[in-house]
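Trainee: I'd like to learn how to read a model like this one, feature by feature. Can you walk me through it?

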Amino acid sequence: MQLKDAHILVIDDDEDVLTALRLLLKPQVKQVVVEKNPNALQGILSKQDFDVVILDMNYNGLVNTGNEGIFWLNKIKSWKPATAVMLITAYGDIDLAIRSLKEGASDFLVKPWKNEKLLESIAEILAKKKKAGAQKIKLDSETQIIGDSEPMQEVFVKLKKVAPTDANVLVLGENGTGKDLIARSIHENSLRKNKPFVKVDVGALTESLFESELFGYKKGAFTDAREDRKGRFEAADGGTLFLDEIGNISLRQQARLLTVLQNRQVTPLGSNEPVNIDIRLICATNLSLKDLADEGKFRKDLIYRINTVDLMIPPLRDRGTDLSLLAQYFVKLYAEKYGKQAFSLDPGFIKKLKEHAFPGNVRELQYALERAVIMAEGSILVAEDLAFSPIEQQTETEHKLKTTNLDAVEKNTILRVIEKNKGNISKSAKELGITRTALYRRLNKYDL
Ligand SMILES: Nc1ncnc2c1ncn2[C@@H]1O[C@H](COP(=O)(O)OP(=O)(O)OP(=O)(O)O)[C@@H](O)[C@H]1O
């Protein structure tokens, strides 16, 4: 967006500042609105969207800590996450500047400012916003991949470049970072988008199921094979095959997969006739394939085969203001789903979100917000509405403490939650903030 098209709101309790900024900006931008009282902010922003809010950090000359500015910055970000906020202060303080940028401000200026510098900063903010907007990925009419942070913008740029090619893609990232979503959007943005997208959680397949599920079988191939069945490779013909949890398959399964990928043919169990396959392959894992290869647990030649391009999805803790954007998105989504009114987020609620490390990433955030929306009493979500998954809390502790009895704690938590949910695995996984597959894996691990 260009300066001349911008809508700017200025909030400062100093009339002289408001007049100076109005005179400076009016000939340069589309609209300038000035306001003395920050308490009027919510009303103004509920009626109209602004591209940039220029916000004073201190009001009434009483305190010079900048806390008021940070308070209003948080408010603006909770009401309108896409609005850029530029903070101005009479007290040049580097700590304050860093703090405000961390809290989501786009820039920080010290009074008296140079007019040229101020206009330049606004133009820069608008240019960045344009770039971010252009890179937003829409999966379909309902699903969006939310993310304006720099690391996610890099993912989007790479994704758009690689999607239309037929290159095999390896999607890497911690649990719950959105690898599944990214795989789907590679397909949606590819030339194969009108053909099937088939996902197989290969990490959850037993030795015998692996082959019958992926390659199919002929009637009579084994006791339960009562009729011919196409495998997932064939089902994905012309489209995309997404193999999730690829790091968890055995060396034997790796060898079978490699042969299929090399020959581009599958032979169903009980058949002698290979079938040609035309698939685009996407794999995902939260493990380091390189480490597994070094330990002799993953074939290097298979890594080369599946990893023409890799996409590393950053953990939520490295995505800055995406946390607020995602929070807004999920709160709206669940408010609609559960037929509740629109919610606003109390600064205490946002603070609690920001202080949490989210070892379970976006999935953990999503479950926490779904729970918060369900539990909320009024129209404002407060810190008390927010509870984090016990299992993820524990993973967090695990990182910190590395004590030996963690397995016992995890096992007990799982048992408790499953008992509470009367053995319902889906409900238990949801409450624990992990996938069903991850829960099954843990049940296996603890022989439960
Ligand atoms: N950027 C995002 N925007 C909106 N929703 C997201 C985003 N990232 C993840 N989600 C949501 O978070 C949840 C977890 O994402 P997803 O299943 O894609 O993660 P994953 O990395 O594949 O997890 P796992 O490694 O456990 O399989 C999903 O419900 C997904 O829709």
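What follows is a conversation about confidence, sheets, buried residues and helices.

Mentor: Keep in mind from the start that this is a predicted model. Let's look at confidence before anything else.

Trainee: Fine by me. What average pLDDT does the protein have, and where is confidence lowest and highest?

Mentor: The general idea goes like this: where pLDDT is low, the predicted coordinates should not be read in detail. Here the protein averages a pLDDT of 86, and 90% of the residues score at least 70. Confidence is highest in strand E15 (residues 280-285), at a mean of 97, and lowest in helix H16 (residues 390-401), at 53. Over residues 399-404 pLDDT stays under 50, and the model has zero contacts there beyond four places in sequence. For the complex, the predictor gives an ipTM of 0.98 and a pTM of 0.66.

Trainee: On to sheets, then. In what order do the strands of the sheet with E1 and E2 come?

Mentor: To read a sheet, take the strand order, then the pairing sense, then the edges. In this case, five strands form an open sheet, ordered E2-E1-E3-E4-E5, with parallel pairing. Strand E2 (31-35) and strand E5 (107-110) are the edge strands, each pairing on one side only. Neighbouring strands in this sheet are turned by 20° against each other on average, direction ignored.

Trainee: How many bridges hold E1 and E2 together, and which residue in E2 is the bridge partner of Leu9?

Mentor: Strand E1 (residues 7-11) pairs with E2 in the parallel sense over five bridges. The partner of Leu9 in E2 is Val33. Helix H1 (residues 15-25) packs on the sheet, where it touches E1, E2 and strand E3 (52-56), and its direction makes about 180° with that of E2.

Trainee: And what joins E1 to E3?

Mentor: Four bridges do, with the two strands running parallel. On that side, Leu9 stands opposite Val53 in E3. Going one strand further, E3 and strand E4 (residues 84-89) also run parallel, joined by five bridges.

Trainee: Let's stay with E3. How many of its residues are buried?

Mentor: For a strand, count the buried residues and then check which way each one points. Five of the five residues of E3 are buried, so the strand is largely enclosed by the rest of the structure. Val52, Ile54 and Asp56 point one way, whereas Val53 and Leu55 point the other way.

Trainee: Asp56 catches my eye. Why does it count as buried?

Mentor: The cut-off is 20 or more other C-beta atoms within 10 Å. Asp56 has 23 other C-beta atoms within 10 Å, so it is buried. Its bridge partner in E4 is Ile88. Not counting residues up to four places away in sequence, Asp56 touches Ile11, Asp12, Asp13, Gly69 and Ile88. There is also a database note: an unreviewed UniProt entry places the feature "modified residue: 4-aspartylphosphate" at Asp56.

Trainee: Now a residue in a helix: is Leu292 buried, exposed or partly exposed?

Mentor: Leu292 is partly exposed, because it has 17 other C-beta atoms within 10 Å. Leu292 lies in helix H11 (residues 289-294). Leaving aside neighbours within four places in sequence, its contacts are Gly247, Leu287, Lys297 and Phe298. Leu292 and Asn248 are 44 residues apart in sequence, with their C-alpha atoms 9.7 Å apart in space.

Trainee: How do I check the span of a helix such as H15?

Mentor: Compare the end-to-end reach with the expected one. Helix H15 (residues 361-375) has 15 residues and reaches 21 Å from first C-alpha to last, close to the 21 Å expected at 1.5 Å a residue. For facing, recall that an α-helix has 3.6 residues a turn, so residues three or four places apart point the same way. The buried residues of H15 include Leu365, Leu369, Ala372 and Val373.

Trainee: And H10, what follows it?

Mentor: Helix H10 (residues 251-263) has 13 residues and reaches 18 Å, close to the 18 Å expected. H10 is followed by Arg264, whose phi is positive, near 50°.

Trainee: Before we stop, which strands are at the edges of the sheet that contains E8?

Mentor: That open sheet has five strands in the order E9-E12-E15-E8-E16, with parallel pairing. Its edge strands are strand E9 (197-201) and strand E16 (309-312). Strand E8 (residues 169-172) pairs with E16 in the parallel sense over four bridges, and Val169 stands opposite Val309 in E16.

Terms used:
Residues numbered from 1 in each chain as written. Predicted model: local features only at pLDDT ≥ 70, side-chain atom pairs only at ≥ 80, totals over all residues. Pairing = 2+ DSSP bridges. Axes fitted to C-alpha atoms, helices over the stretch in contact; angles between N-to-C directions. Contact = placed C-beta atoms within 7 Å. Buried ≥ 20, exposed ≤ 12 C-beta atoms within 10 Å, placed from the backbone. pLDDT = per-residue confidence, 0-100. Expected span 1.5 Å × (residues − 1). UniProt positions renumbered as here; feature names shortened; annotations may be inferred.
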